[in-house]
Amino acid sequence: LQIFLYGKWFFFHENALYATSTKLEKILPKNSVIFGSWSAGLVMNNNFRSIILQQDSFYNRKLVADIIARKPISVFKKVNGKVVKTFEKNQPLYLAVDPNVVFEKYIAKLYKKYMKPERLVLKEKFGFFDIYLYKVR
């Protein structure tokens, strides 16, 4: 089975994640934050920030809740060659999720109130997964 999957990837690979990451830079506001288990890949070719959020990871849930509540978040930036701690709030926030797979169901349940058709920004297919990007705030 693995040989089949590897062979399929080798001969018929797609650049869907790269293309989507590049596309997001054109459609999302500057300073956007994307959270969810797909967030790291979605920010690899743009200047957005990612917050990894998975079913068994509790450490970033408070950070996401604070951004939703518009609380100031500490951010480290390089200014004149020095790292400076600043605070930001009111960042545009987006959830990247595939609610149809087992490992995403818990996250989809937590943020279900934001997963409405009118909040859907983008839907992309990455292999066997359909990724939905929803505007949270």
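## Cores, hairpins and a surface patch

Leaving aside neighbours within four places in sequence, Leu 93 is in contact with Val 33, Phe 35, Val 64, Ile 67, Ile 68, Tyr 134, Lys 135, Val 136 and Arg 137. This is a predicted model.

**The cores**

Leu 93 belongs to the largest nonpolar core, a set of 18 residues. Which members touch the most others? They are Phe 35, Val 64, Leu 93, Leu 95 and Tyr 111. Several elements each supply at least two residues of this core: strand 1 (33–35), helix 4 (61–68), strand 5 (93–97), helix 5 (105–110) and strand 7 (129–135). Strand 5 gives the most, with three residues. Apart from this core lies another one, of 14 residues. Its members include Ile 34, Trp 38, Val 43 and Ala 96. In soluble globular proteins, nonpolar side chains tend to be buried together.

**Helix 4**

Which residues of helix 4 are buried? They are Arg 61, Val 64, Asp 66 and Ile 67. Two of the names, Arg 61 and Asp 66, stand beside Val 64 and Ile 67 in that list. The buried residues of helix 4 pack against strand 1, strand 2 (49–51), strand 3, strand 5 and helix 5. Val 64 is also one of the core residues that touch the most other members. Both Val 64 and Ile 67 are in contact with Leu 93. An α-helix has 3.6 residues a turn, so residues three or four places apart point the same way.

**Strand pairs**

Now to the strands. Here are the antiparallel pairs.

| Strand pair | Bridges | One facing pair |
|---|---|---|
| Strand 5 and strand 7 | four bridges | Val 97 and Tyr 132 |
| Strand 6 (residues 120–126) and strand 7 | six bridges | Lys 123 and Tyr 132 |
| Strand 3 (residues 73–79) and strand 4 (residues 82–88) | seven bridges | Ser 74 and Phe 87 |

Strand 7 pairs with strand 5 and with strand 6. Tyr 132 in strand 7 is the bridge partner of Val 97, and Lys 123 stands opposite Tyr 132 too.

Two hairpins deserve a look. Strand 6 and strand 7 form one, with two residues between the strands. There Gly 127 takes a positive phi near 65 degrees. Strand 3 and strand 4 form another hairpin, with two residues between the strands. In this hairpin, Asn 80 takes a positive phi near 50 degrees.

**Positive phi in loops**

Most residues other than glycine have a negative phi. Asn 31 has a positive value, near 75 degrees, and is not a glycine. Where does Asn 31 sit? Its place is in the loop between helix 2 (16–27) and strand 1. Asn 31 counts as partly exposed because its relative accessibility is 32%, and the partly exposed class runs between the 20% and 50% cut-offs.

Arg 70 also has a positive phi, near 65 degrees. Arg 70 follows helix 4 and lies in the loop between helix 4 and strand 3. Is Arg 70 buried, partly exposed or exposed? With 45% relative accessibility, Arg 70 counts as partly exposed.

**A patch on the surface**

Nonpolar residues also appear on the surface. Tyr 6, Trp 9, Phe 10, Phe 11 and Phe 12 form a nonpolar patch there. Together they have about 690 Å² of accessible area. Trp 9 lies in helix 1 (residues 2–12).

Notes. Residues numbered from 1 in each chain as written. Predicted model: local features only at pLDDT ≥ 70, side-chain atom pairs only at ≥ 80, totals over all residues. Heavy atoms only, no water. Core = buried A, V, L, I, M, F, W, Y, C linked by side-chain atoms within 4.5 Å. Buried < 20%, exposed > 50% of the residue type's maximum accessible area, 1.4 Å probe, protein only. Contact = heavy atoms within 4.5 Å. Patch = residues over 30% accessible without salt bridge, like charges linked within 9 Å, V, L, I, M, F, W, Y side chains within 5 Å. Areas by Shrake-Rupley, 256 points an atom, 1.4 Å probe, with all protein chains shown as cover. Salt bridge = Lys/Arg side-chain N within 4 Å of Asp/Glu carboxyl O. Pairing = 2+ DSSP bridges.
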